[in-house]
Amino acid sequence: MSITLITGATSGIGLALARKLAQQGTELILTGRRGERLDKIKVELSKSTKIHTFTFDVSSRKAVEKFLNAGQELLPRVSALINNAGLACGADKLQEANIDDWETMIDTNMKGLLYMTRAIVPYMIKTNNGHIVNIGSAAGRWAYGGGSVYCATKFAVRAISESLRIDLLGTNIRVSNIEPGMLETEFSLVRFGDSERAKKVYEGVSPLQPEDIADTILWALSRPPHVNIQEIVIFPTAQAAITNIYRRS
Ligand code: NDP
Ligand code: 8X3
């Protein structure tokens, strides 16, 4: 039986996808830093399928290596890796930004995704089967003020997806890059660390919901083996472009 591995399954897109895949009976490896949440999710989803949880920080190379050791019996069966764990920290102008925030975003969104991909792809090559789904962002196509490093990490996710697709040419392994626009999850709370400010991001708008992206990922995963969905950009209807948002007054 094959396994789907989702990083960042404790909330938002990762959790919505885990719930949908569990309903279909897919065996899952779920990861995140908040172990208590993972424990609860395991109890909830184990009613439908086999769930394995691992609590670790994807931005720590050592922690990823520990996970690879602990999960070594499961990893050869991973047929889909959903590189979803990610975050933005702050939205300050580059000249005013906190450099620690940059490190966190680069280490999580880029290096974490790379560590996980480097570890899992060799197993997929052995079976000549697999699907890497990277959660990029519309911010990985269009930059905006105050987003320099977050946008750069998501531009990087797009570049990594493109290169990996070329590196894997000739295998049956697929690589997809999913690029959502405004999406209501814990993302803005994490970004600003302030629930009032986070609420304002979505004020007067019907943003995307994590289930919208989970459905899109499920669709990409379920295409026949000769079809690779390379990239999908998804905005809410009220967002025409990265900084063009219509708000009801
Ligand atoms: P959430 O904050 O709701 O979820 C983020 C998930 O990532 C959590 O499960 C969190 O788990 C996990 N995570 C964050 N940092 C780490 C880390 N260092 N190690 C392990 N897990 C980590 O946000 P979203 O669901 O919105 O975010 C999912 C992805 O979607 C991200 O890559 C984000 O950049 C991207 N995205 C989000 C958009 C939005 O507007 N919301 C739009 C476009 C893309 P824990 O805290 O338990 O570690
Ligand atoms: C998140 C979308 O526009 O808030 O990736 O950066 S945005």
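# Reading cavities, pockets, sheet and cysteines

Q: Which residues line the second largest cavity?
A: In this predicted model, the second largest cavity is lined by Thr-7, Val-58, Asn-83, Asn-84, Ala-85, Thr-108, Asn-109, Gly-112, Leu-113, Met-116, Ile-135 and Lys-154. Helix 4 gives the largest share of that lining, with 5 residues. By class, the lining consists of 5 nonpolar, 6 polar and 1 charged residues.

Q: Where does empty space show up, in general terms?
A: Empty space is left where a probe the size of a water molecule, rolled over the atoms, shows it. For the second largest cavity the space comes to about 60 Å³.

Q: How many cavities of 30 Å³ or more does the structure hold?
A: There are 2 cavities of 30 Å³ or more. The largest cavity has about 80 Å³ of space. Its lining has 15 residues, and those closest to the centre are Cys-89, Asp-92, Trp-102, Met-105 and Gly-146. Two elements, helix 4 (99–127) and helix 5 (148–167), each give two or more residues to this lining.

Q: How do the residues of the lining of the largest cavity divide?
A: They divide into 7 nonpolar, 5 polar and 3 charged residues.

Q: A pocket is open, unlike a cavity. What is the volume of the largest pocket?
A: The largest pocket has about 1200 Å³. Its lining holds 49 residues, and Ala-88, Tyr-150, Thr-185, Phe-187 and Ser-188 are the closest to its centre.

Q: Which elements supply at least two residues each to the lining of the largest pocket?
A: They are helix 1 (12–23), strand 2, helix 4, helix 5 and helix 6 (187–192). Helix 6 supplies the largest share, 5 residues. In terms of class, 22 of the lining residues are nonpolar, 20 polar and 7 charged.

Q: How many residues line the second largest pocket, and which lie nearest its centre?
A: The lining has 15 residues, with Ser-2, Ser-79, Ala-80, Arg-174 and Leu-221 nearest the centre. The space in this pocket is about 290 Å³. At least two lining residues come from strand 4 (78–83), and at least two from strand 5 (130–135). The class count is 4 nonpolar, 9 polar and 2 charged.

Q: Strands 4 and 5 lead on to the sheet. In what order do the strands form the sheet?
A: The general point about a regular strand is that its side chains alternate between the two faces of the sheet. Here, 7 strands in the order 3-2-1-4-5-6-7 form an open sheet with parallel pairing. Strand 3 (51–55) and strand 7 (231–234) are the edge strands, each pairing on one side only. On average, and with direction ignored, neighbouring strands are turned by 15 degrees against each other.

Q: How many bridges join strand 1 to strand 4?
A: Strand 1 and strand 4 run parallel and are joined by 4 bridges. One of the partnerships is between Ile-6 and Ile-82, the latter in strand 4. Strand 1 (residues 3–6) also pairs in the parallel sense with strand 2 (residues 27–32), over 4 bridges. There, Leu-5 has Ile-29 of strand 2 as its bridge partner.

Q: What does strand 5 add?
A: Strand 5 pairs with strand 4 in the parallel sense, over 4 bridges. Ala-80 has His-131 in strand 5 as its bridge partner. Ala-80 is also one of the residues nearest the centre of the second largest pocket.

Q: Why is strand 4 described as largely enclosed by the rest of the structure?
A: A residue counts as buried under 20% relative accessible area. In strand 4, 6 of the 6 residues are buried, so the strand is largely enclosed by the rest of the structure.

Q: How many disulfides does a search of the whole structure find?
A: A disulfide is a covalent bond between the sulfur atoms of two cysteines. The search of the whole structure finds 0 disulfides. Cys-89 is in none, and its nearest cysteine sulfur, in Cys-151, is 13 Å away.

Q: Why is there no bond at Cys-151?
A: The cut-off for a sulfur pair is 2.5 Å. The closest cysteine sulfur to that of Cys-151 belongs to Cys-89 and lies 13 Å off, which is too far for a bond.

Q: Is Cys-151 buried or exposed?
A: Cys-151 is buried, at a relative accessible area of 2%. Cys-89 also counts as buried, because its relative accessibility is 13%, and the cut-off is under 20%. Cys-89 is among the residues closest to the centre of the largest cavity.

Terms used: Residues are numbered from 1 along each chain as its sequence is written. Chains are lettered from A and ligands numbered from 1 in the order in which they are written. This is a predicted model: local features need pLDDT of at least 70, side-chain atom pairs count only at pLDDT 80 or more; totals for chains, interfaces and linings use all residues. Side-chain values use heavy atoms; hydrogens and water are left out. Buried means under 20% relative accessible area, exposed over 50%, partly exposed in between (1.4 Å probe, protein chains only). Two strands pair if DSSP finds at least two bridges between them. Axes are lines fitted to C-alpha atoms, for helices over the stretch in contact, and angles run from 0 to 180 degrees between N-to-C directions. On a 1 Å grid over the protein atoms alone, a cavity is a set of points where a 1.4 Å probe fits but cannot get out, and a pocket is an open set with protein on both sides within 12 Å along at least five of seven lines; lining residues have an atom within 4 Å of a point. Grid points are joined across faces, edges and corners, and a volume is the space filled by probe spheres set on the points. Ala, Val, Leu, Ile, Met, Phe, Trp, Tyr, Cys and Pro count as nonpolar, Asp, Glu, Lys and Arg as charged, and the others, Gly among them, as polar.
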